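Biologist: I'd like a close look at the inside of this one, starting from a single buried strand and working outwards. Could you take me through what packs around what?

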Amino acid sequence: MTQSSGIEFGKSTVPVSSSVSAAASSSSDVLLNNFQLKKKSYRVLLHGQRLVWERMQRPTKSAQNSNQTVKTPLPEPASAVEQQLGHSLEHNYGEHSHILHMDDIISVCRGDTKQQSLQPPQHLALEPLPEDVKPTAQFLTINYAERLTKSKSDCNRWQLRRITFYNSDPYIVRQWELQLRLRLESSPAGGQRVRRLLVFINPYGGRKAGAQTYERQVRPLFQLAGIDATCITTQRANQIRDILLTHDLSCYDAVCCVGGDGTVAEVINGLVFRRMRELGLDMQRPAYIPRPSLPVAVIPAGSTDTIVYSMHGTADVPTAAIHVLLGQRRGLDVCSVSNSRTLLRFCASVLSYGYLGDVAAESEQYRWMGTKRYEYSGVKAFISNRGYDAELHLLEEPLEPETPQSPVSVCSEPPSVCYANCARCSIASSLQEQRSSLFPTENEDEDEDAGQQELGSSRKEHTHVKLQPSVAFNHELQLSASETALLRPHPRPSSLSLQPGAASYGSDLSLRSGEQWKIIRGNFFMICGANITCACSRSPNGISRYSHLGDGCLDLILVRKTTLLNNLRFLLSTAGKGGDIRNLPFVEVYRTRKFNFRTLTASQENCSISGSCQPITQSVGDGVNSEYSSWNCDGEVVTDLDVTMSSHCQLIDVFMRGPHSYSKPQKVGVRTPTTPASSSDNVYSRKACHPVVLTELLLIFHLIVPSHSAASKISGTPTNEMNEPNN
């Protein structure tokens, strides 16, 4: 294989300031060379943050006679405004060009042979070769991630791909490797990539395959990206929380958990309570809820993995691991659960009372049945059809359309579904950053009284300017009035100080400016506070399809006590892809930021039964009280009868881009974005509910009990499966 080519350097028309670093200035260089890919000649271009390769066309007869070579012209240089806005330049390349963005590249390796270039990189830092050492590598392998955009059923699944270029000139290969690595580090996503990771493995969650899942599917990917992972296999319940509270985590860039929803909740609780301890806050009655400094990575290894499914649109293990490698993060809402005296815990998915709480509590009597106990307890609780009297104080948002929506009164504007590049969550993130800039920093070493006064003054100052960004965003993105009302800036629930000597913590019903409380009383079959959609493979829409990942709100779902037939209709609506529980007359769905629950028959002394909060792995008693139910909070049984649930907007960062909607592939030459511009591009359309067999439907009861921490280490044989693109 012989090939000769030179490196062509050119500067874009965008002026570069002299104060910009060398890494930033090199990103404006253009590299253009001829490489061989699978023994075919390709023209490869490195332009900005994009790598483009296209097979060289054979010269026509007229070109041969004139000794000319047919080449595809380079795209026109982008203006400064287009580069700042990040506008795509794909339409300027040839229609047969393969375009790869730097944010999707995982690693770059070179070697003397193709097999050597496929090995994980030994040195991630850019180290120039000594002058007396000449480069010898002629192969350059680029490992990158690609989403299956053409698959209707798996459009959210990502896979690892690799492409190997050959050039006979080792200096060209060396220059390309340096430029690719330099642009990876200088890109916004490259600066957030993980280098040292703390991994917790729960080997007893779900099918008890957490250790094998990590060894076979996750560890090879981490090694390929050069991530230094420290693994801890859990041995007991709450071990993750104890480690996060007591050990030094300064050397780690992120925390990863391999397990089910219960493991994820334990990590989030540990990080938030650790941050509270670092700031000297009262862990039982904190003045505000601080934001943890470490992001969280989630690898699914549980029964349903509703948190991962809601974040990525799939529970595929390589997809979750690839998002960790790419480093892009997004804020996730977390809800605090408290009673009248103290803060109990934080909820990441759903807090449910009634039916799902009964299943979680009753299943403890049948632990000898294994995972089948959930199905048995679910059928038993479904047939018993118990109802519970309750009173809820709901904090409604002003100007929000009246909910619940029945078939008679349906809002003219369909509610939006949370996807990647969600406009609702993006606005909430922007407002969150603006609010954080107005509040004093959490690391200031001042006494608590002075801190409370500063928080109050900042909140007053914030009320004068908080409405302006909302209007600007609404004008630019053309949001509906309901979305604008839901996303209006409001004081952070985590930053509201407690009144000294208050008799009740968490259930303070005092009204603030522009807020109103709605009281709902009745007999309910089930009450759910959904922080996310709670979707899974058996329930693709989840129990709350329109819940967003980072808008600072939760969905309160009230299912009235009714007949078994109506309960079956409710389950069919949650399991079918076209069902909508908002259309059921006995179901009420409210969008709120905070609600308070209490029973109508319980006395003040009996508001907490047997100690407020117990892990689900422990026994909760000899039986379940027929008059009162229990709360199922991320797989943990909470027995309080006076509970307040508050949403904290994007309290923690997780590695995700968000789920995608399927877009039908268009003809060659017509390019469309792979992700929607906003959630308004993906509105819900009503379809006929698919028939579901009752036995298959009852399998969704696994959603109520995530996997739990426990363990013994299980060995596995690591494998690495990667495919090359078909060019």
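Modeller: I'll begin with the strand and its partners, then move on to the core, the rings and the cysteines. Bear in mind that this is a predicted model, where local features need pLDDT of at least 70 and side-chain atom pairs count only at pLDDT 80 or more, while totals for chains, interfaces and linings use all residues. Residues are numbered from 1 along each chain as its sequence is written, and side-chain values use heavy atoms, with hydrogens and water left out.

The strand is β15, residues 388-396, and eight of its nine residues are buried, so the rest of the structure largely encloses it. (Buried means under 20% relative accessible area, exposed over 50%, and partly exposed in between, with a 1.4 Å probe and protein chains only. Strands, E with at least two residues, and helices, H or I with at least four, are DSSP runs numbered from the N terminus.) β15 has an antiparallel partner in β16 (residues 516-530), joined over nine bridges. It also pairs with β18 (residues 587-598), again antiparallel, over five bridges; a pair needs at least two DSSP bridges between the strands. E396 shows both pairings: opposite it stand Q516 in β16 and T592 in β18.

Next, look at helix α11, residues 355-362. Eight of its eight residues are buried, so the helix too is largely enclosed. That run includes the charged residues D358 and E362 alongside the likes of L356 and V359. The cover over α11 includes β15 and β16, together with β14 (350-354), α12 (372-384), β20 (631-633) and β21 (636-640).

Now follow the chain past β18 into the loop that leads to β19 (608-615), where you'll find T599. At a relative accessible area of 3%, T599 is buried. Leaving out neighbours within four places in sequence, it is in contact (heavy atoms within 4.5 Å) with Y353, D389, A390, Y628 and L641.

What about the greasy interior? The largest nonpolar core has 93 residues, and L197, F222, L244, M526, F570 and V587 touch the most other members. Here a nonpolar core is a set of buried Ala, Val, Leu, Ile, Met, Phe, Trp, Tyr and Cys residues joined through side-chain atoms within 4.5 Å. Take F222: beyond residues up to four places away in sequence, it touches L197, V199, Y214, I227, A229, A321, V324 and L325. A separate core of 26 residues lies apart from that one, and Y353, L394, F595 and L641 are among its members. Two of those, Y353 and L641, are also contacts of T599.

On to the rings. There are 11 aromatic pairs in the whole structure. A pair means Phe, Tyr or Trp rings (the six-membered one for Trp) with centres within 6.5 Å; planes under 30 degrees apart count as stacked, over 60 as edge-to-face and the rest as tilted. W53 and F165 are edge-to-face, because their centres are 6.1 Å apart and their planes meet at 75°. W53 sits in strand β3 (residues 50-55) and F165 in strand β7 (residues 158-166), so this contact ties together parts of the chain 112 residues apart. Both are buried, and they join F35 and W176 in one aromatic cluster.

Some rings have a charge over them, meaning NZ of Lys or CZ of Arg within 6 Å of the ring centre and within 35 degrees of the ring normal. K208 does this to Y204 at 5.6 Å, and R241 lies over the face of F273 at 4.8 Å from the ring centre.

As for the cysteines, the structure has zero disulfides, counted as sulfur pairs within 2.5 Å. C335 is buried at 0% relative accessibility, and its closest cysteine sulfur, in C347, is 5.9 Å away, too far for a bond. C553 is buried as well, at 1%, with C649 offering the closest sulfur at 8.1 Å, again too far.

One last cysteine deserves a look for its backbone. Most residues other than glycine have a negative phi. C534 has a positive phi of about 60°; it lies in the loop between β16 and β17 (554-560) and is buried at 1%. N238 also has a positive phi, near 65°, in the loop between β9 (228-233) and α7 (239-246), but it is partly exposed at 31%.
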